[in-house]
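The following exercises are meant to be worked through with the coordinates open. Each one sets a task and then gives a solution in steps.

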Amino acid sequence: MRFYQFLLLALIIISFTSCSLNFNNYELKTDLDTTGENKAYISGTIIKNDKSDKPYHLILYKVIKEKDDKYFYQLVEFSTHLKNENFQFVVQPGAYFLYACQNPTKITEKRLGYEFYSDYVELNKKKNRIDIEVKMSNDLQEVTDDNILIETTTQKSILDKISFKEQKTLDDNIFKRDNASIGLWKPLEFFKNIGGGVYTLEKFDKRKIPVLFVHGMNGTPLDFVSIINKLDKNKFQALVYYYPTGINLNYSVDILKTVFDYIRNKYQIKKTLIVSHSMGGLVSRGFINIYKDKLEIPILITISTPWNGQKFAKLGEDYIKYLPPSFLNMIPGSVYQKKILEDSFPKNLKHHLLFGYNGKSSLVLEKSNDGTISLSSQLFEKAQNQSFEVYGFNENHISILKSKKVINKINTILDSI
């Protein structure tokens, strides 16, 4: 099977459909340019469904009209909610409808779920905001096998194995390097067999400050072993976010948000610190943008992050349908990069931007680089302007995670709170 066939199956990049809709002509979720004034808002409230205690899944589709008056539906946004609450999607002007589904409390042999369909909504410059009340149907509906959010007694939901704080050690087989490649090229297999999510490396202690580690493309939490081993265990406790790096980064952010909602509510977490490497910095920035009103995040440390993408992703733009969707996010100047840097940090957050410069020139990199990411991308002006501190090291993209100088610098930053 070709790479792109795997990717068409990846997580919520798949078409989520019900038996009453034909979504055969769906497109992969793409970045929508909602920067500047090009914005519209679809918000609302999820009404509690007393018949189920399962998470609510909201899927937003854009209605695309073709020349022959036929329509197809483009998946543009997705979010999971552990409880009934308010929601908001920021989109472009256009026509949309919202679909929602929820598993029953008692799973059956058939794919049965509660569903919701909104009316079509048209948003433009004059009417750029609409509220929708999401109320699930009273009766269970049978859905098609394409709806991988709805599970049966024999087929689990695609999100079923995601960890909401499972205790592991870094030498656990789940974090082995081979799984990183699976996460990049076969994300559906990753979710089915590995799961991902947030893991603790010790029994959770409410007295300690959580430090969330977010790895980069084709990585695992094992990348941080040298840093985590030197962490002050009397003051801090490590949480690691593990995700398949081939999926669209918007989904990586949404999964992290969902999992952290659960952890924050269960353990009454009020503060966390974040350390991320490479593409993980882009995921962390997206997470902060949507989570900054729920949690105090006084420190963000990013290491070798491509704030303006990677040149090799641009070279493969013509073949992007054969590549992991995250490559689309990594094209220099992508919409995802613009969107995450458009928002300002909370006033109490200090971003420490660490970078490496021990690389050689190559056909796909600028002369100044760390062997993987160009210096101009690591030091993208807008990211620098939003940072509290910028600090460079004579290390490459991998060695920077093992450098004693880097580890000492990270510990100094963490100890400053």
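**Exercise 1. Locate Ser 304 and Lys 165 in the secondary structure, and decide for each whether the residue is buried or exposed.**

Solution. Start with Ser 304, which sits in the loop that connects β15 with α7 (311-315); the model in which this is read is a predicted one. Next, consider the backbone: phi of Ser 304 is near 55°, a positive value although the residue is not glycine. Then turn to accessibility, where Ser 304 has a relative value of 0% and therefore counts as buried.

Lys 165 is handled in the same steps. This residue belongs to strand β10, and its phi, near 80°, is likewise positive in a residue other than glycine. With a relative accessible area of 16%, Lys 165 is buried, since the cut-off for that class is under 20%.

**Exercise 2. Work out in which order the strands of the open sheet follow one another, and which are the edge strands.**

Solution. Tracing the pairings gives 8 strands in the order β10-β11-β13-β12-β14-β15-β16-β17, with mixed pairing. The edges are β10 and β17 (389-393), each of which pairs on one side only. From one strand to the next, the twist averages 20°.

Now examine the inner pairings one by one. Strand β12 (residues 209-214) runs parallel to strand β13 (residues 236-242), to which 6 bridges join it. β12 also pairs in the parallel sense with strand β14 (residues 273-277), here over 4 bridges. Phe 213 illustrates both pairings, as it stands opposite Val 240 in β13 and has Val 275 as its bridge partner in β14. A further step leads from β14 to strand β15 (residues 299-303), again parallel and over 4 bridges, with His 277 opposite Ile 303.

Finally, look for what packs on the sheet: helix α6 (residues 279-291) touches β12, β13, β14 and β15, and its direction makes about 145° with that of β14.

**Exercise 3. Explain why strand β12 is described as largely enclosed by the rest of the structure.**

Solution. First recall that in a regular strand the side chains alternate between the two faces of the sheet. Applying this here, Ile 209, Val 211 and Phe 213 lie on one side of β12, while Pro 210, Leu 212 and Val 214 lie on the other, and all of them are buried, which leaves both faces covered. As 6 of the 6 residues of β12 are buried, the strand is largely enclosed by the rest of the structure.

**Exercise 4. Identify which residues have the most contacts inside the largest nonpolar core, and which helix contributes the largest share of it.**

Solution. The core has 58 residues, and those with the most contacts inside it are Ile 59, Leu 212, Tyr 241, Ile 274, Leu 282 and Phe 287. Helix α5 (residues 249-267) supplies its largest share, 9 residues. To see how one member is surrounded, take Leu 212 and set aside its neighbours within four places in sequence: its contacts then include Leu 239, Val 240 and Tyr 241, together with Leu 256 and Phe 260, and also Thr 272, Leu 273, Ile 274 and Val 275. Another core, of 31 residues, lies apart from the largest one, and among its members are Ile 174, Ile 227, Ile 228 and Ile 410.

**Exercise 5. Classify the ring pairs Phe 164 with Tyr 262 and Tyr 241 with Tyr 243.**

Solution. The structure holds 21 aromatic pairs. For Phe 164 and Tyr 262, the centres are 5.2 Å apart and the planes stand at 70°, so this pair is edge-to-face. Because Phe 164 lies in strand β10 (residues 163-167) and Tyr 262 in helix α5, the pair ties together parts that are 98 residues apart in sequence. Each partner is partly exposed, Phe 164 with a relative accessible area of 29% and Tyr 262 with one of 33%.

For Tyr 241 and Tyr 243, a centre distance of 4.9 Å and a plane angle of 15° make the pair stacked, and both of these residues are buried. As a last step, note that ring pairs also link Phe 175, Phe 190, Phe 191, Tyr 199 and Tyr 242 into a cluster.

Technical notes: Residues numbered from 1 in each chain as written. Heavy atoms only, no water. Core = buried A, V, L, I, M, F, W, Y, C linked by side-chain atoms within 4.5 Å. Buried < 20%, exposed > 50% of the residue type's maximum accessible area, 1.4 Å probe, protein only. Helix = DSSP H or I, 4+ residues; strand = E, 2+ residues; numbered from the N terminus. Contact = heavy atoms within 4.5 Å. Pairing = 2+ DSSP bridges. Phe/Tyr/Trp six-rings, centres within 6.5 Å; stacked < 30°, edge-to-face > 60°. Axes fitted to C-alpha atoms, helices over the stretch in contact; angles between N-to-C directions.
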